[in-house]
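Please open the structure in your viewer and keep the selection tool at hand. The tour below goes from stop to stop, saying what to select and what is found there.

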Amino acid sequence: MIDLRSDTVTRPSEAMRQAIAQAEVGDDVYGDDPTVNDLEKWAAQRHGFSDAIFCSSGTQANLLALMGHCERGDEYLCGQQAHNYKFEGGGAAVLGSIQPQPIENEANGTLSFDKLRAAIKPLDPHFARTTLLSLENTIAGKVLPLAYLAQAREFCDNHQLKLHLDGARVYNAAVALNVDVIEISQHFDSMSICLSKGLGAPIGSLLLGSTQLIAKARRWRKVLGGGMRQAGLLAAAAKIALTENVSKLQQDHKNAKYLAEQLNNLAGIEVNLAEVETNMVYAKLGDKIDINKVTEELKNKNVLISAGNPMRLVTHLDINKSDIDRFIQHLSILI
Ligand SMILES: *Cc1c(COP(=O)(O)O)cnc(C)c1O
């Protein structure tokens, strides 16, 4: 099976399965799971934060960050395209009584400081209290420039806002920029990381932040039903995602570039190669291509894609160059 729908589809490696089998565990709600404790402590230090909490998903990690930074009646600034605005079921409003204030994303995924400044509400009972700016990196496969992150930090300091990073794919950003992840994380009050995407863990995300923020997040995680007991089974695989799989992301990025080039050779398909910065390819399809039909027929050939125009294709640990060649071969016959 060649699955290009997302980098969430990876299967755990043999090393992960071994680590899961051998993990020392305890009841993490009592703080007794040594493998979870080790992961949280290691991840906090590694990314320059005081504390960390292991979560069931990236959605949960982001929600805990929002509920940790914001009180009922507060609002957070974010992009119209932000995952934690558009793709998380409105969780901040539904479960946190927190109002999103989305701003149109610029073409490169950033948010304009002029537009952000204009959206900050005065302290007045008419308005929600603007408390937090939430950025996302990578966003739709694009990397936010380091200089922009430094400006965002300054902007937040000037306006008494906290700064959160939805870093579901922050390691893709670090690898693409060829910098240590600290160069990104240092600007933020909190950061989430998905371990179950390009990094290949079966389950789990981390939220990183101050001791106070993580204590609050730990309370909310329990309230939200996210108190997991012998979670060391998951944390053992998650640690391997961070220690062994970061260096493999570069290959995913190379494969995405290769995929984009091959797509560009097909009539009726167009990819802007300059926009392929990490492991995602967005291909524009001509009118003659019936993507629903193509998706169905590819499925019969054991190739999975998401039907859409632009067509989003994602490379990951379980995709190699010959998978891409096979996909292109099937696709070229179907379009
Ligand atoms: C996938 C994703 C999430 C949510 O992660 P889940 O583990 O699927 O809940 C959050 N933010 C971004 C940018 C993502 O891509």
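**The loop after strand 5**

Begin by selecting A140, which is found in the loop between strand 5 and helix 7, where helices (H or I, at least four residues) and strands (E, at least two) are DSSP runs numbered from the N terminus. This is a predicted model, in which local features need pLDDT of at least 70 and side-chain atom pairs count only at pLDDT 80 or more, while totals for chains, interfaces and linings use all residues. Residues are numbered from 1 along each chain as its sequence is written, and side-chain values use heavy atoms, with hydrogens and water left out.

Display the backbone of A140, whose phi is near 50°, a positive value in a residue other than glycine. In the loop between strand 5 and helix 7 (146-158) you will also find T138, which a cis peptide bond with omega of about 0° joins to N137. Both features merit a check in the viewer, because most residues other than glycine have a negative phi and most peptide bonds are trans.

**A second cis bond**

Move next to P310, in the loop between strand 11 (303-304) and strand 12 (311-314). The peptide bond that joins N309 and P310 is cis, with omega of about 5°.

**The ligand and its shell**

Now select the ligand together with the residues around it, that is, those with a heavy atom within 4 Å of it: S57, G58, T59, N62, H83, E88, E136, D166, A168, R169, C194 and K197. Helix 3 (residues 58-69) contributes the largest share of this shell, three residues. If you colour the shell by class (Ala, Val, Leu, Ile, Met, Phe, Trp, Tyr, Cys and Pro as nonpolar, Asp, Glu, Lys and Arg as charged, and the others, Gly among them, as polar), it has two nonpolar, five polar and five charged residues.

Which side chains should be picked for polar contacts, meaning pairs of N or O atoms within 3.5 Å? In T59, a polar side-chain atom lies 2.6 Å from an oxygen atom of the ligand; in K197, a side-chain N or O atom is 2.6 Å from an oxygen atom of the ligand; and in D166, a side-chain N or O atom is 2.6 Å from a nitrogen atom of the ligand. On its own the ligand has 380 Å² of accessible area (Shrake-Rupley method, 1.4 Å probe), and the protein covers 82% of this area.

**The largest pocket**

Turn on a surface for the protein atoms alone. On a 1 Å grid, a pocket is an open set of points with protein on both sides within 12 Å along at least five of seven lines, a cavity is a set where a 1.4 Å probe fits but cannot get out, and lining residues have an atom within 4 Å of a point. The space taken by the ligand is the largest pocket, a molecule being placed there if more than half of its atoms lie within 2 Å of the grid points. The volume of the largest pocket, as filled by probe spheres set on the points, is about 870 Å³. Of its 36 lining residues, the closest to its centre are I139, A140, G141, M280 and Y282. Strand 10 gives the most to this lining, with four residues, and the lining as a whole divides into twelve nonpolar, twelve polar and twelve charged residues.

**Two cavities**

Finish inside the protein, where a search of the whole structure finds two cavities of 30 Å³ or more. The largest cavity holds about 50 Å³ of space, and among the residues that line it are N105, L111, E136 and I139. Strand 5 (residues 129-136) gives the most to that lining, with three residues. For the second largest cavity, of about 40 Å³, select A168, R169, Y171, N172, C194, K197, G198 and L199.

Technical notes: Polar contact = N/O pair within 3.5 Å; in protein donor to acceptor, adjacent residues only side chain to side chain.
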